[in-house]
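Thanks for coming, everyone. I'll take you through one model this morning, element by element. Have the viewer open.

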Amino acid sequence: MGSIFRSEEMALCQLFLSSEAAYNCISELGEIGLVQFRDLNPDVNAFQRKFVHEVRRCDEMERKLRYLEKEVEKDNLPILDTGENPEAPQPREMIDLEATFEKLENELREVNANAETLRRNALELTELKHVLQTTQLFFEEQETHSSLPLEQRDSEPNSSITQNLLPAEEGKGPVQLGFVAGVINRERMPMFERMLWRVCRGNVFVRQSEIQQPFIDPVTEDEVLKTVFIIFFQGEQLKTKVKKICEGCRATLYPCPETSQERKEMGQGVTGRLNDLTTVLTQTTDHRHRMLAGAAKHLRTWFIKVRKIKAIYHTLNMLNLDVTNKCLIAECWIPTADLARIQGALRKGTEKSGSSMQPIVNRMHTTIAPPTFHRTNKFTTGFQTLIDAYGVASYREVNPALYTTATFPFLFAVMFGDAGHGFLMMLFAGWMVLREKALIAARMSGEIWNIFFGGRYILLLMSLFSIYTGIIYNDVFSRSFNIFGSAWHIGPNANATEEILIEHGGLTLDPKYPDIYEMKPYPVGFDPMWQIAVNKIAFQNSYKMKISIIIGVFHMVFGIMVSLLNHTFFKNTVSIICEFIPQMIFLLSLFGYLSFMILFKWVAFGCGEDFPADRQSRCAPSVLIYFINMFMLKQDPVPTGCDVFMYAGQFEVQIVLLVLALICIPIMLFPKPFILRNRHRAKVATRASSEEWLEEIQGAGSSATNHGGEEEEFEFSEVFIEQTIHTIEFVLGSVSHTASYLRLWALSLAHAQLSEVLWNMVMHIGLAQSSIVGCIVLYAIFAFWAVLTISILVIMEGLSAFLHTLRLHWVEFQSKFYKGEGYAFVPLTFKHIINGEEEGEG
Amino acid sequence: MGADVVPVAVMTGFWAVVGIILPFIVAKGPNKGVIQTMLVITAASCWLFWLLCYMHQMNPLIGPQLHNTTVLAVQYLWDGTVTLDNFSTPAPPTTTPAAFNI
């Protein structure tokens, strides 16, 4: 049997590694991924461990790499992934790596700072350019709107705009207007204007113009819209006020020359400087881009190397230094099947480090519970995950995941049971399985996708089984196939005359006539006649309930058989006699008998000439009532001509079975605790007597050489209570679990009905159309039907059936044998570092 | 008994091959145990599932109850005991089957 039948045998080993070789040996062990190290320094603080400095350096390197990665992603450069697996570098190479990263980080920061400064300068120059352009427009407008005669204007081309337009009052002289110009964020403009108006008491004149082109803020890289403004005022006091307000509202002021000639010159100068700046900026960004492209090529390899180093040092922190301070001791769990491989890896590591001391692997015997290791492949991993989600198997107990590979899809299919929906599911699962490699390489994110992709084999099996059960239920998108010809016919005995059909609206076929029922059923699956029958559900309900019980009893008996395997392996004879045998007898004599009655009724009762008068349909009993009466020791009255019992001797047989079952209850309850107590007392007595014997021979004062000195405590009341709980759980559980399997009936009924309703209410309308317009209507209705089919019937019902199947396995099946008290085997492995996951171990 | 030899023999034989003979032939390599277990459990459960359906329909205690239009459709399409000529109605011979919906 493969190793997932039960978990692997684990050995606790001590490794003696020389200090030089330790690093390389652990590196080799990490590549293999089959060794779980135990922490020998659990009380030591993380900051006081031996290799804490190295771990800190690794963390620092990782931080630098993450910064590089962020910058690379900002530039939209692809990070090269060749899939190669670089080995963990030697400790002395770590210094080289650190230097490289340091240099890269510093260069990058410098380049970024330069770029920011250049961008800020460029922003200022652009703003200045806009200010100059806008003020030019303002002043030109003013000149054309001037009220002075044109000749006077022309004759004084250099007259400043700030000259008073109104004739000055006598004795006061011409008044000069001052102005400032600047740029402010568009959002702040209204607030700014209002403040100017209030503070300067309306004595300033503001003109503004919005800049169409948005600016990019050098720090936040957001787009901002700005406005150019120009403020005219009179006098020095207003000037200071205005300047203060501009400062407060964070408007940038720019010096603007008064004459248009100077403005033109300034504008040209600004444009020139701006062009130079843009060139320098482009060169800087190019340099940055080239740097990042070079780094991106090695980024993945560096990440893997650094994470491997960190993992190795975390593991080294778990080791102990021995008394001579020359070698390190490690305690680890290794599967016994892989001991040779581990030794080979250790030899390889020692060779690489050039140390002369050979590593020693010393196998220890211990009473600590080993971890549970199941060697799974890509197919069995899914099922193992499902089982482990409930509880990891105890060490070396039988692994339910092996049987789940077939029973899980089967029970799902009993509940899902539609060949059409199964086919759709098969398409999806088949695509995932066939395109496996490409989909893994694409490394899609999204938790839901990963869940579905991880369960692709489970989905594929579920869909294949669903197609089979759909064929048996004869349900394809709620329609039936008629492949072999129905066994039911409208023969002469049906009296299908026009009068009867009109009067009654229908008729019921009676199976006792050979011309109506062929006496031989439809060969594979449900007869297609039932799909179009009015009383389909009554017939199907009886069928589905019975098969649910029978399948449930089989599943539970199988579970108890697995417990026998466990008892045999652990040499637990007490449990075989006091648990397995009474449990089997109890379950079989009650619910096995129920299944027998179902089968008997199917065979012995029928319509027609082949069956005696007391086995006709009118005499057919209810199996459930018989079962209840078995417990209540009574019989119900029957119609005339019918027998009270199904077969001769039924009453006696039922009494015997009932008594057998009742005897099993005290057998499950009492013997085991007493036997265990007697065993414990015998063990203590022999140990005490052998100690006395030893003391006599060796003289007084020799201490007992018990390894570990573990006194097994035996609390009788605890054991007894545990056994009581176990017994009650089994006895009551047998009833409730058997009934729980009726969910197989419930869900398949719900699925079939939903499917039928969807067809009748949606698709049927489309198919009943009769004109050309009907074709288009059918097209639209099909789309609607298809969406609802996939979303409700495949996805929702699929998830629901999956959940119920999981529950049936976890509770009804596993409670018969599963302890599930183990802990998982978590080896030191570099596999997920190579796959690029963020978590490291340790 | 209402059982017919041929279907029982065919289905039982098929699943017997899958569940008893194939495990010895197909299973090789490291996954031998898993493949064998899967084949056996699949064969057993699928055969059981078919058998239960067959046994339930073998000796039916009730028959299907049909609507009158369904009766006519079955007679026309499956049994062939009714043809369109059988109906003597005053309607012209080109009456569509929709006229028989009562």
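**A walk through the two-chain model**

Let's start at Gln48(A). Gln48(A) sits in a loop of chain A, between strand 2 (36-38) and helix 2 (52-74). Before I go on: this is a predicted model. Is Gln48(A) buried or exposed? Exposed, because its relative accessibility is 61% and the cut-off for exposed is over 50%. For a sense of scale, take Cys607(A) as the other end of a ruler. Gln48(A) and Cys607(A) are 559 residues apart along the chain, and their C-alpha atoms are separated by 86 Å.

Now chain B. It has 102 residues, and 40% of them are buried. Its secondary structure is three helices and one strand. Read from the N terminus, the order is α-α-β-α. What about contacts within chain B? Of those with a separation of 6 or more, 52% are between residues 24 or more positions apart.

Next, the interface. How many residues of chain B are in contact with chain A? The count is 44 residues of chain B, against 67 residues of chain A. Interface size is often quoted as the accessible area lost when the parts come together. Here chain B and chain A bury about 5200 Å² between them. Carbon and sulfur atoms carry 71% of that area.

Which elements of chain B give two or more residues to the side that touches chain A? They are helix 1 (5-26), helix 2 (32-58), strand 1 (65-67) and helix 3 (68-79). Helix 2 of chain B gives the largest share, 18 residues. By residue class, the side of chain B that touches chain A splits into 27 nonpolar, 15 polar and two charged.

How many salt bridges are there between chain B and chain A? Zero. Polar contacts are another matter. Across this interface there are 22 residue pairs in polar contact, both residues at pLDDT 80 or more.

There is strand pairing between the chains too. Strand 12 (residues 506-508) of chain A pairs with strand 1 of chain B. The sense is antiparallel, over three bridges. Look at Leu507(A): its bridge partner in strand 1 of chain B is Leu66(B).

On to salt bridges in general. Side chains of opposite charge can pair when their charged atoms come close. Over all chains, the count is 31 salt bridges. I'll show three.

The first example is Asp59(A) with Lys310(A). Their closest N and O atoms are 3.1 Å apart. This pair links distant parts of the chain: Asp59(A) is in helix 2 of chain A, Lys310(A) in helix 7 (residues 260-317) of chain A, and their positions lie 251 residues apart in the numbering. How exposed are the two partners? Asp59(A) counts as partly exposed, because its relative accessibility is 37%. Lys310(A) counts as buried, because its value is 18% and the cut-off for buried is under 20%.

The second example is Arg63(A) with Glu105(A). Their side chains meet in a salt bridge at 3.4 Å, N to O. Arg63(A) is in helix 2 of chain A and Glu105(A) in helix 3 (residues 91-144) of chain A, so the pair ties together parts 42 residues apart in sequence. Arg63(A) is partly exposed at 33% relative accessibility. Glu105(A) is buried, with a relative accessible area of 5%.

The third example is Glu210(A) with Arg186(A). This salt bridge is 3.3 Å, N to O. Glu210(A) is in strand 4 (residues 205-210) of chain A. Arg186(A) is in the loop between strand 3 (177-185) and helix 5 (189-199) of chain A. The two are 24 residues apart. Both ends count as partly exposed: Glu210(A) at 42% relative accessibility, Arg186(A) at 21%.

Some salt bridges share partners. Those join Asp59(A), Glu62(A), Arg66(A), Arg307(A) and Lys310(A) into one network.

Last stop, Thr227(A). It is in strand 7 (residues 226-234) of chain A. Thr227(A) counts as buried, because its relative accessibility is 0%. What is Thr227(A) in contact with, leaving aside neighbours within four places in sequence? The list includes Gly182(A), Val183(A), Ile184(A), Met189(A), Gln208(A), Ser209(A) and Ile211(A). Arg186(A) and Glu210(A) are also on it, and those two are the salt-bridge pair from my third example.

That's the tour.

Notes:
Residues numbered from 1 in each chain as written. Chains lettered and ligands numbered in written order. Predicted model: local features only at pLDDT ≥ 70, side-chain atom pairs only at ≥ 80, totals over all residues. Heavy atoms only, no water. Helix = DSSP H or I, 4+ residues; strand = E, 2+ residues; numbered from the N terminus. Buried < 20%, exposed > 50% of the residue type's maximum accessible area, 1.4 Å probe, protein only. Contact = heavy atoms within 4.5 Å. Buried area = accessible area lost by both parts, 1.4 Å probe. Salt bridge = Lys/Arg side-chain N within 4 Å of Asp/Glu carboxyl O. Polar contact = N/O pair within 3.5 Å; in protein donor to acceptor, adjacent residues only side chain to side chain. Nonpolar A, V, L, I, M, F, W, Y, C, P; charged D, E, K, R; others polar. Pairing = 2+ DSSP bridges.
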